[in-house]
Amino acid sequence: MPSFAAPALASGRRMPNRWDGIAMLLVMGLLIGLVDVGRSTLFTPLLSSQATTIHLNPAYLPAYALRTTARMFAALFASLFFTFTFATLAAKSRRAGLILIPILDILQSVPILGFLSFTVVFFLNLFPGRVFGAELACIFAIFTSQAWNMAFSFYQSLTTLPADLVEASKSFRLSAWQKFWRLDVPFAMPGLVWNTMLSMSGGWFFVVASEAITVGNTSFALPGIGSYVAMALAQKNLLAIFYAILAMLIVIILYDQLLFRPLVAWSGKFRFETTASTATPDPWMLKLIRQTRVFQAIFDTAGELVGNIFRLRLGAGASVQVDENRKPSRVIDAIWYAIIAAVACYALWRIIGFISGSLHWSDLGQALLMGCYTMIRVTVLMTIAALIWVPIGVWIGLRPKATRVVQPIAQFLAAFPANLLFPPVVVAIVYFHVSPNIWLTPLMLIGTQWYILFNVIAGAAAFPGDMREAVANFRIRGFLRWRRVMIPGILPYFVTGAITASGGAWNASIVAEVASWGKTNLHAQGLGAYIAQATTAGDTPKIVLGVAVMSAFVIATNRVLWRPLYAYASRRTTLG
Amino acid sequence: MDQVTNIAAPLVSVRNCRQAYHKDASTDLIVLDDVNLTLQAGEIVGLLGRSGSGKSTLLRIVSGLLKPTSGEVMWRGVPLTGPAPGVAMVFQSFALFPWLTVQENVEIGLEAQGVKKAEREERTESAIDLIGLGGYDTAYPKELSGGMRQRVGLARALVVHPDLLLMDEPFSALDVLTAETLRTDLIDLWMEKKLPVKSIMMVTHNIEEAVLMCDRILVFSSNPGRVAQELKVPFAHPRNRFDPAFRQMVDDIYGIMTRRKAPTAQPMTPATGFATKLHPISTNIMAGLLETLEGPPYDGHADLPALAAALQYEADELLPLGETLSMLGFALLEEGDLHITDAGRKFVDAETEERKEIFAKILLAHVPLAAEIRKVLDERWNHRASSVRFRDELEDHMSPEYAEETLRTVISWGRYAELYEYDEEAQQFSLEEDEEDED
C-alpha cells in the first residue's frame, strides 16, 4: 500500500523563522486585497441571469453530478499547472524558493473555506453578470483545497532528485524541457499521484460547500450536487438528501475505480527503487487497458504524440558547467531582499489599515476565545478517534486479508464529502432537542477520521515480519506490547494521518459548527461558527480576523505538536 | 583550418588544474592540486587512487560537468565550457532511468541531440546488440541484474558515438565474476575496434582492474589529490593476471599508494592534529584484522595485496584500515606491508574488558579529538558537552561530510572504549554515571 508522509511533515526540522512571518504577512495581505476588490461589489444587486433554479427531482441528479465532477477536474488541471510552475520555480531558483516555500506552508494552513465569500465576489466582479464568474469562483475554491500539498510534494521531489540521474541528464545534454519530462516529473510521479488523490478527496468536500453560497445579500447556486443539497435543506426534503448521498456515492465509486486505482497502480512504475518489489495485482481497469487491443492502440498513439512533445529541445539548461566556487551575487540578493521587505511592509500597512478602522482588541480576544473552544473540540475528537481507530487499524493491518478488504474502503470513505452526511445529524439534533455545542462536534471529524484509519492500517501492515516473530517469541503481550512495540511502530504513520485529520477538522468547523434545517438554525460556540456567521452577515474584517486566528491555531499545532512528534517518531522508530 | 588544428590537438589536455572548496572561516579545502593530463586518441587511461583522492572530481572536470577552480581544460584544442558533445559517461551506480525501458534509456542521448526517429531506432538497436543486450529491449532496469544494468549504461554511452568514453568506477558495484565478464567483453570489443569511441578514461580504486585494462595509469595521492606517479602498462591484451610481471606491477602500485604515508607511521608521535580525518572503521574490524595479522600464516607481517586477496578486500578498503591501525599504534604500514606492533599484540591477547581499557588509553594518546572531548567533559561541572561545537571545529578543517564521518567514528570508538557516552537525540556527549561516583 503506498504511503507518503504528508508534505507538511517532511519539512519538519525547519524551525519557524522570519521568512514564516513575512510569508504570513504576504498571504494575509493578498487575502485582504481580494476582500478590497470584493467589498466594492458586495452590495450590488444580484443579476437575474445568475439565479439558477435547482430542481429536487432526482432525474436532474445525473446531470448535476456530471457538472460537479467537471468542476473537480477543471480545478485538478489548474492545480497541476500551478504545481508544475510554482514548485519548479521554487526548486530551481534559490531566491524564489526562500519566500515561495514559506508562503506555500502558510497557505496549507489557511482555512480557505472561510475566504470562499471573497473569492466568489472577486470572480463575480471579474465577469459581472455572467455565470462564468461563479463557475470560476467555485473552481478556484476547489483549487485552493488541492494545489498546496501537490505543489509541496513536487517541490520535495525536485529537491531530492538522485544526483547520478541529474549528472546523467547533464552529461547526455538533455535540454531543460527534456529533463523536466524525462527526470523531474517521472521521479515525482508516485508522490504526486498520491497527493493528487488526497487532494481530490478533499476537493469533493469543497465542491459541495462552494456551489451554493450566500454572502451578505448576494447569493448564487450553480447547478450541481452541492446546490441540490442546499436546496433540499432549505425545503426540509430528507428524501432528496438521500438521493444526493446516493448520487455522490456512485460518482466517487466510478472516479475511484476508473481513474485513481489504475493511476496509483500505474505510478508504481515510477517508484525509484532498484529491485523489483513484490507485484500487487493490477486493478481491473488497468488490466483492461493493458490487455485490450483497442485501449492499447489508443494509449500507444497518445504516448507517441506526448513523447514527441517531451522530446522537444527547448531551453538550454544542460550546457553549463557546475561552478562550485561561484558565489551568488550579494547585490542581487540585497535587491531581492529589499523588494520582499518592501512588499511585506506594504502588506503590513494594509493589514493595519484594514483592521484598525473596524476592529478592537476585544474582537481579537473574542476570536481567540472562540478558537480555544474549537481547539478543545478538535482535541477531544482526535483523542476519541485515536482511541477507536488505532486498535482497529492495527488489528486490520496485521491481517493481510482484512487489510486488502478494508484499506480501499477506508480510502474511499476519506474521499466521500462528509458535508452530505450533515443533514441527517442536524435533523436528529432538532428532533431530540440536544445541545448543538456537543452534538454538532462529531461532524468535524466525520470526513477526516479515515485518514487516521488508513494510515494506521498501512503502518501496521508495514510492520516487519521478523519483528512480529520476535514479539511472539519473547511472549510480549498486553500493555507492554502496545507500549514497546505497536505504538512506536505505527507512530510515524499515525502522525501522518493525524495531521491531515486535525487540519481537516479545523477547516470543517466552518461548515460543521453551524447548521440549518428549514428555518431552524443551529450553531455551536466556536471559531468556525464565528467565521460562518461573519460571512453570512457580510462582516469582512471579522472574517479576516477569524481566518487569521484559525491559521495561527493550525500553524501553532503543527509546529508545536505534530512536526516535533513526527521528527521524533521517524528518528526513533527507524533503523539506520 | 579549424579541422586541421583540431585533429592535431590531443583529445583532452588539462593544465595546472586545481579544485578547491571554499570555506568561509579558514583555509580552502583542496581536492585536486596542480594536475596535468593529456589524453590522445587510441588509448585507455586509468585514474587510480583511494576514495577522496579527487579522481572522480577530475573525471567530472574532464566531462565538462564541473568547472575547476583554476587551470585550463581543453577539449580538442578548444576550452571546455560545458558538457562536450563528444563525451559520454558511464556511472558507478549505472544512473539508469527506472521508468524507461532498456531501449528508451539507450535512446535518451540521441533524443537530446534531436536525432530523427528512424535513425535513433537503428543506432539504438545496433548499440544494444553490440553490448549483448539483444532481447532485453522492452525490459525495465529493475528487472535486470547488476551486470545487465551496467551493459545498458555502456550501450547508452556508446550509442552517441562519443570520441571519449568516461567511466566512473564502472564495475565496482558488481560482483567479482560479473565485473570480470564485463571487463573482458569491453576489452575484446576495444581490441577488435568495434567500439565507436576513440579513447577511454576510467576511474578506479581497483589496482588489478587498472593494470588489466589500461594502457596508462595515473596513480593519485590523497589530501590533496595529486598525480603521484604516471605508469605505462607494457603488456599486450589479453593480459594474464597470474603473469609474474603483472603481479609485480600490482605490487609496485601498492607500494606507491602506501609510500607517502610511511613517515606518519611512528607509533608514539602522532603527527595528527585535532582535526585529522578519521576513517569510519569499526572496532570489530580492527580487532579482526589484528587477530588475523597476529596468527598464522602471517605471524605479524603481511603483504597488503596478498592480505587483501585472502580477505576479499579491495585496495581502498584495506588501506584506510591499515592506516588507522598505524595511526593508533597497533601496526606499522610501510611500502605495501603491514607489521603488528607490541601494542597490537597486547590488544590481541587481552580479554574483552582489558581490550576496552587498552583501547581507551590508545585513544587518549593518539586521537586528539577523543582526548579533547574527554578533557572538556572532565572540566564541565555537569560532565556534558554538545557535539555541535566539535562538529563546527572539524568543519573549519574538512568538508561537512568528512566532519560528520569523523564525528561518528570518534563517537563509536569512544563508546567502545567507555570513555564517554553519547545521546543522539540531544547531540550531547556525557560521562558515565557510575564513573562520576568514583571520582
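These exercises, with worked solutions, concern a predicted model with chains A and B.

**Exercise 1. Secondary structure of the two chains**

Count the helices and strands in chain A, then in chain B.

*Solution.*
Step 1. Take chain A: 23 helices and four strands are found there.
Step 2. Take chain B: its count is 17 helices and 16 strands.

**Exercise 2. Burial and contact range**

State what percentage of each chain is buried, and what share of contacts with a separation of 6 or more joins residues 24 or more positions apart.

*Solution.*
Step 1. In chain A, 45% of the 576 residues count as buried.
Step 2. In chain B, the buried share is 42% of 439 residues.
Step 3. Now turn to contacts with a separation of 6 or more. In chain A, residues 24 or more positions apart make up 82% of them.
Step 4. In chain B, the corresponding figure is 72%.

**Exercise 3. Domains of chain A**

List the domains of chain A and give the distance between the centres of domain 2 and domain 3 of chain A.

*Solution.*
Step 1. Domain 1 of chain A is assembled from three segments, 61-112, 142-269 and 282-320.
Step 2. Domain 2 covers 329-356, and domain 3 covers 359-576.
Step 3. The C-alpha centres of domain 2 and domain 3 of chain A are 36 Å apart.

**Exercise 4. The side of chain A that touches chain B**

Describe the contact between the chains by residue numbers, by helices and by residue class.

*Solution.*
Step 1. The contact involves 31 residues of chain A and 26 residues of chain B.
Step 2. On the chain A side, helix 7 (163-171) and helix 8 (176-210) each supply at least two residues.
Step 3. Helix 7 of chain A gives the largest share, six residues.
Step 4. Sort the chain A side by class: twelve residues are nonpolar, eight polar and eleven charged.

**Exercise 5. The nonpolar core**

Name the residues that touch the most other members of the largest nonpolar core, then list the neighbours of Ala151(A).

*Solution.*
Step 1. The largest nonpolar core holds 278 residues.
Step 2. Those touching the most other members are Ala151(A), Val229(A), Ala244(A) and Val456(A), together with Ala155(B) and Leu166(B).
Step 3. Leave out residues up to four places away in sequence. Ala151(A) then touches Phe82(A), Thr83(A), Phe86(A), Ala87(A) and Leu104(A).

**Exercise 6. A hairpin in chain A**

Work out how strand 3 and strand 4 of chain A pair and what lies in the turn.

*Solution.*
Step 1. Strand 3 (residues 514-517) and strand 4 (residues 520-523) of chain A run antiparallel, joined by four bridges.
Step 2. Trp517(A) has Thr520(A) as its bridge partner.
Step 3. Two residues separate the strands, which form a hairpin.
Step 4. In the turn, Gly518(A) has a positive phi of about 60 degrees.

**Exercise 7. Overall form of chain B**

Explain why the radius of gyration of chain B agrees with that of a compact globule, and give the domain layout of chain B.

*Solution.*
Step 1. A compact globule of 439 residues would have a radius of gyration near 22 Å. Chain B has 25 Å, which agrees.
Step 2. The C-alpha trace of chain B spans about 80 × 50 × 45 Å along its principal axes.
Step 3. Chain B is assigned domain 1 (2-257) and domain 2 (268-439).
Step 4. The C-alpha centres of these two domains are separated by 35 Å.
Step 5. Domain 1 of chain B brings 15 residues to the contact, and domain 2 of chain B brings eleven residues.
Step 6. On the domain 1 side, helix 8 (residues 244-259) of chain B provides the largest share, five residues.
Step 7. By class, that side has seven nonpolar, five polar and three charged residues.

**Exercise 8. Strand 3 of chain B**

Decide whether the faces of strand 3 of chain B are covered or not, and identify the strands that pair with strand 3.

*Solution.*
Step 1. Strand 3 (residues 44-48) of chain B has five of its five residues buried.
Step 2. Both faces are covered, with Ile44(B), Gly46(B) and Leu48(B) on one side and Val45(B) and Leu47(B) on the other.
Step 3. Strand 3 pairs with strand 8 (residues 199-204) of chain B in the parallel sense, over five bridges. Here Leu47(B) stands opposite Val203(B).
Step 4. Strand 9 (residues 216-221) of chain B also runs parallel to strand 3, joined by four bridges. There Leu47(B) stands opposite Leu218(B).

**Exercise 9. Helix 2 of chain B**

Assess the burial of helix 2 of chain B and describe the residue that follows helix 2.

*Solution.*
Step 1. In helix 2 (residues 55-63) of chain B, nine of its nine residues are buried.
Step 2. The buried residues include Lys55(B) and Arg60(B).
Step 3. Gly64(B) follows helix 2, with a positive phi near 90 degrees.

Terms used. Residues numbered from 1 in each chain as written. Chains lettered and ligands numbered in written order. Predicted model: local features only at pLDDT ≥ 70, side-chain atom pairs only at ≥ 80, totals over all residues. Domains from an automatic or database assignment. Contact = placed C-beta atoms within 7 Å. Nonpolar A, V, L, I, M, F, W, Y, C, P; charged D, E, K, R; others polar. Core = buried A, V, L, I, M, F, W, Y, C linked by C-beta atoms within 7 Å. Buried ≥ 20, exposed ≤ 12 C-beta atoms within 10 Å, placed from the backbone. Pairing = 2+ DSSP bridges. Rg over C-alpha atoms; globule rule 2.2 N^0.38 Å.
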